[in-house]
Amino acid sequence: MRINCRLATLGLPTQLTTVADRTVLRRYFVTMAIGNLVWETMQLPFYTIWRTARFAYLAFAVLHCWIGDLLIGSVTMLFGIIAAGRQWPFANGGRAVLVTLTSGVAYTMFSEWLNVVVRGAWAYSPAMPVLPVLGTGLSPFLQWVVVPGVALWFAYRRPCALSVETCR
């Protein structure tokens, strides 16, 4: 038996909310993990280490950045859930998505600026398109629009269409 999201907010068992929460979070994190691993690997040629580092270091860099992406994705999703309030994921999903995406992009732009422009911790290759004003790369910006955008779309797609039997 399928239920409507509105019915869930009107007092269905708390186990149903827990199942919906876990479903949304599981979909989000699995999609984020796969998407960010692929993106980090594919954007390597936009950084100078692509030409200067050995394969082992490139693998380490991808793993290091991927773990950082998962941490950023976790914290930004937490901000989104907090912004949505107690009825999340049944209500205020748009607010959660907006806060998650905005905070992810904001942190990434700050981090890229800090590490490339200020600290010089890593450098872009000439192939990296750079955003005006901040001087940060287009690829990391797009990463934090596209990957979480797809992950959130997938996570929120019919999160409430759970069967009551799954709650027992």
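**Exercises on helices, core and surface**

Val-117 lies in helix α5, residues 93-118, where a helix is a DSSP run of H or I with at least four residues, numbered from the N terminus. The model is predicted, so local features need pLDDT of at least 70 and side-chain atom pairs count only at pLDDT 80 or more, while totals for chains, interfaces and linings use all residues. Residues are numbered from 1 along each chain as its sequence is written, and side-chain values use heavy atoms, with hydrogens and water left out.

**Exercise 1.** Classify Val-117 and Thr-76 as buried, partly exposed or exposed.

Solution. Start with the cut-offs: buried means under 20% relative accessible area, exposed over 50%, and partly exposed in between (1.4 Å probe, protein chains only). Val-117 has a relative accessible area of 47%, so Val-117 is partly exposed. Thr-76, found in helix α4, has 4% relative accessibility and therefore counts as buried.

**Exercise 2.** Compare the span of helix α4 with its expected span.

Solution. The expected span is 1.5 Å times one less than the number of residues. Helix α4 (residues 55-84) has 30 residues, so 44 Å is expected. The end C-alpha atoms of α4 are 43 Å apart, which agrees. Just after α4 comes Gly-85, with a positive phi of about 90°.

**Exercise 3.** Do the same for α5, and state what follows this helix.

Solution. α5 has 26 residues, and 38 Å is expected. From first C-alpha to last, α5 reaches 36 Å, close to that value. Gly-120 follows α5 and has a positive phi, near 70°.

**Exercise 4.** List the contacts of Thr-76, then find which of these residues are buried in α5.

Solution. Contact means heavy atoms within 4.5 Å. Not counting residues up to four places away in sequence, Thr-76 touches Tyr-28, Thr-100, Ser-103 and Gly-104. The buried residues of α5 include Thr-100, Ser-103 and Gly-104.

**Exercise 5.** Describe the largest nonpolar core.

Solution. A nonpolar core is a set of buried Ala, Val, Leu, Ile, Met, Phe, Trp, Tyr and Cys residues joined through side-chain atoms within 4.5 Å. The largest has 17 residues, and Val-24, Tyr-28, Met-32, Met-77, Trp-88 and Tyr-156 touch the most other members. At least two residues of this core come from each of α2 (14-42), α4, α5 and α6 (138-156). α6 gives the most, with six residues. Leaving aside neighbours within four places in sequence, Met-32 is in contact with Leu-70, Gly-73, Trp-144, Val-147, Pro-148 and Ala-151.
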